[in-house]
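Let's take a look at the cysteines together. Here is the structure to follow along with.

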Amino acid sequence: MVASKLVAVLSTCTLALAAALTGGCTASDGPSEPKADDCSTEGQNRFLFDLMKDAYLWYDRVPDVDHRAYPSPEALLEDLVDTSRDRWSYIAPTSEYEAYFEEGQTLGLGVRWSFDLEGNLRLALVHPASPAGAAGLRRGDRVLAINKIDVEQVSDDLWAEVAGPDEEGVDVSLTIERAGAEVFTVAVRKAVYPMTTVLNPRILKAGAATVGYLVLTTFIEPTTKELDGAFAMFRDSEIDELVLDLRYNGGGRLAVERHLASLIHRPAESGALLDVMAHNDRHVDWDKRALFEDLDPPALPLSRLVVITTGATASASETLINSLRAYMDVQIVGSTTHGKPVGMHGWTYCDKSLHPISFRVLNAKDEGDFYEGFAPDCAAHETLDAELGDTGETCLAEALHLLEHGACSTPAEPGEAGERRSAPPREIPWDGFRREVGAL
């Protein structure tokens, strides 16, 4: 039996991700559906084609192709998206999508890796309860080889192949170089593991100020409870400032992002506008105005927010920055964000979740369209051999310096603040749902 369900999504991969629309879109608001029992390839392709022609943000740029000629909806989607604007639309198995965003579980090794400025592949994040965490892998470990293939020999189009299929029980051999230890090889088996999205919440000092700090990796359902716990600690400690580390946050559910915005700031006027979801001209009736939540206990009494970002900071994370900037001073430390000012609704059809870009997100001042990302006020490249939350880690050290002294440690050159920062030599081109999760 086919299920066709509409949910709201904003993420990058990382975007991504779903906030159920209330009082807005329903399944009947979408395009007409094929017969409820038509899960043939042609039936799925027809549903996707009709969807793109109707609900896609740039529906007028969808080409007229013969959807019957494609071997899968995934192959069809590649030819339907507007590649000049859209880097994000994707299709995922519904079971994987719901396990991640509803239950906070995903399948893999539990590592996020990144190239450093010297071109070395390093583990940037190891999820605590993951197979990689159980194997003793750490942030900063250098990966020399994957399944006995030297990293230097892996081209951009071979990453998924080298890492093996996303299936439980698949072993991945990693050859690791760690400071102060001999090179070693460890076999890590892919498995389903629970995500912890709020990491290393702690209380720090910046001069005389008491500073709250946390790392947030994504916006999914379990995140709300984790955030409430961290902010309770911040209230008990009576923090003066907040550093929000979003360097690896590729987005997620807008409802969760809005909850975080309401934890951080409470406008003086009740019922203040937080953001606006704006759809194409066929579906202006889907547009939605979201307000700050009226929380008890109320938001922290903060006058400014410092956010740590990288090129992996995307979508709902950027929406948080954009929305709060309409009400308070938001300072950015790190490097320029990804640049995703748009989001997806999700249509579940047969066993797949279809996520075409379907709306823009604007703040209370009608500002959006930040396709070039947000440039940092204080530029800093992260130190991958220092733990997140270590006050000696480059980005956090810069954030604390900004809070204490009101200025960057190294002033930007004229015109530099508005320019995109240089990125590490290589980026791993994960696509679709894997990009959303942000970890292998």
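Numbering the bonded cysteines of the protein in sequence order, what is the pairing? In this predicted model, the pairing runs 1-2, 3-4. The count comes to two disulfides, set out in the table below.

| Disulfide | Sulfur atoms apart |
|---|---|
| Cys 39 and Cys 350 | 2.0 Å |
| Cys 378 and Cys 408 | 2.0 Å |

Let's begin with Cys 39 and Cys 350, whose sulfur atoms are 2.0 Å apart. Cys 39 sits in the loop between strand E2 (18-19) and helix H1 (41-54), while Cys 350 sits in the loop between strand E19 (342-349) and strand E20 (352-355), so this disulfide ties together parts that are 311 residues apart in sequence. The torsion about the S-S bond of Cys 39 and Cys 350 is about -105 degrees, which means that the disulfide is left-handed. As for surroundings, Cys 39 is partly exposed at 37% relative accessibility, whereas Cys 350 is buried, with a relative accessible area of 14%.

Now for the pair Cys 378 and Cys 408, with sulfur atoms 2.0 Å apart. Here Cys 378 belongs to strand E22 (residues 378-379) and Cys 408 to the loop between helix H9 (394-405) and helix H10 (432-437), so the bond joins parts that are 30 residues apart in sequence. With a torsion of about -85 degrees about the S-S bond, the disulfide of Cys 378 and Cys 408 is left-handed. Cys 378 is buried, at 1% relative accessibility.

One further cysteine deserves a mention: Cys 395 is buried, and its relative accessible area is 1%.

Notes. Residues are numbered from 1 along each chain as its sequence is written. This is a predicted model: local features need pLDDT of at least 70, side-chain atom pairs count only at pLDDT 80 or more; totals for chains, interfaces and linings use all residues. Side-chain values use heavy atoms; hydrogens and water are left out. A disulfide is a pair of cysteine sulfur atoms within 2.5 Å. Helices (H or I, at least four residues) and strands (E, at least two) are DSSP runs, numbered from the N terminus. Buried means under 20% relative accessible area, exposed over 50%, partly exposed in between (1.4 Å probe, protein chains only).
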